[in-house]
Amino acid sequence: IRKIAVFTSGGDAPGMNAAVRAVVRTAIFNDLQVAGIYRGFEGLIEGDIEPLSARSVNHILQRGGTILKSARSKDFKTKAGRAKAFEKLKSNGIDALVGIGGDGTFAGAHVFNKEFDFPFIGIPGTIDNDLVGTDFTIGFDTALNTVIDAVDKIRDTAASHNRLFFVEVMGRDAGFIAAHAGVASGALAVLIPERNMSIADLVERLSEARRHNKTSSIVIVAEGGKSGNATEIATKVNELAPYYETKVTILGHIQRGGSPSCFDRNLASRLGVASVEKLIQGERDCMVGMINQKVVSTPFAEAISDKLTIDPELLRIADILSI
Ligand code: F6P
């Protein structure tokens, strides 16, 4: 390998810049050339590629977002798009790729690798934490801290007015943010895609809380929850339990921004270094992750598989502590 290119793809996540910095500097440390591809697979297909130096990544460790920009590419889902991408890699003399992203990115990478057998390693960068092969993804911890900060503030006003708040957090297909934030913010209930909680069950829980003299409550709803989004659920609960004054807060994209936490900076730095070292050692078609504080590689196909589950213990704890 003589020249590596790095890109970020999918929803941005705090800590992606720290990972870019680590990839660039590790490549240069190992006498490799390094380039940045802008806007993920989209920019690769268009040839939006620039050389990077150790100084190009000065002072980005602490910055949210991604200096390389990000995109979700429709073209890369087509064979013609991937063929164009391969041509751009060849014409720019790029021998190996490091992609920082989530399941969509790695699904694309896996197909590309099957077609072109190209050295390609992934780094898990998504606030959703929904990948097999790493205990945590880059950005998850920061996003959680943003959620907790917001819910703590909502709690103040909820308690002052004896109100019931439905707080919607991100996670189209995964409830990790909701489940972890639920425990950490003392939510009364957590509604996630992975677990069925009917509106009737929720109302029963709310009534129980009233019997226990709770005057205000927070319910955390993952945007992809089985019973609907926060607004839909609040409407249904209002019909069945009109004695509550309900409010809805959708946290939205504030969860994706902000300076990465110390945890995310360290995780990104370790995985950034590992990705380049593993490419040099000949690994490919896999994602680097951290399990039990050790760097491990997991084939892309497994990283994006549906083997992922939310720790049932976390949900059990949430239920015990919400009485
Ligand atoms: O995958 C990260 C994520 O933030 C999800 O939690 C969310 O459902 C989605 O991206 C939102 O995507 P967009 O920014 O394209 O609206």
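In the predicted model, S275 makes contacts with V23, V98, I121, I123 and V288, neighbours within four places in sequence being left aside. S275 sits in helix α9, which spans residues 262-280. Its relative accessibility is 0%, so S275 counts as buried.

Two cysteines were examined next. C262 has a relative accessibility of 56% and therefore counts as exposed, the cut-off being over 50%. C286 has a relative accessible area of 6%, and is buried because the value falls under 20%. The structure contains zero disulfides.

The UniProt record, an unreviewed entry, places the feature "active site" at D128. In the model, D128 belongs to a loop. That loop runs between strand β5 (120-124) and helix α5 (140-161). With neighbours within four places in sequence left aside, the contacts of D128 are T137, F140, G171, A174, F176 and I177.

Two of these contacts, F176 and I177, are also among the buried residues of helix α6. Helix α6 covers residues 176-185. Seven of its ten residues are buried, so the helix is largely enclosed by the rest of the structure. The buried set consists of F176, I177, A178, A179, A181, G182 and S185. These residues pack against two helices, α5 and α11 (312-321). They also pack against the strands β6 (164-169), β7 (189-191) and β8 (217-222). Just after α6 comes G186, with a positive phi of about 70 degrees.

A further helix pair is formed by α3 (residues 79-91) and α4 (residues 103-116). Their axes come within 11 Å and cross at roughly 70 degrees. Angles of 65 to 115 degrees count as roughly perpendicular, so α3 is roughly perpendicular to α4. On the α3 side, the contact involves K79, R82, A83, A85, F86 and L89. On the α4 side, V111, F112, E115 and F116 take part. The residues of this contact divide into seven nonpolar and three charged, with no polar residue. The charged residues are K79 and R82 in α3 and E115 in α4. The nonpolar residues of α3 are A83, A85, F86 and L89. Those of α4 are V111, F112 and F116.

How values were computed. Residues are numbered from 1 along each chain as its sequence is written. This is a predicted model: local features need pLDDT of at least 70, side-chain atom pairs count only at pLDDT 80 or more; totals for chains, interfaces and linings use all residues. Side-chain values use heavy atoms; hydrogens and water are left out. Axes are lines fitted to C-alpha atoms, for helices over the stretch in contact, and angles run from 0 to 180 degrees between N-to-C directions. Helices (H or I, at least four residues) and strands (E, at least two) are DSSP runs, numbered from the N terminus. Angles under 35 degrees count as roughly parallel, over 145 as roughly antiparallel, 65 to 115 as roughly perpendicular and the rest as oblique. Contact means heavy atoms within 4.5 Å. A disulfide is a pair of cysteine sulfur atoms within 2.5 Å. Buried means under 20% relative accessible area, exposed over 50%, partly exposed in between (1.4 Å probe, protein chains only). UniProt positions are given in the numbering used here, feature names are shortened, and annotations may be inferred rather than shown by experiment.
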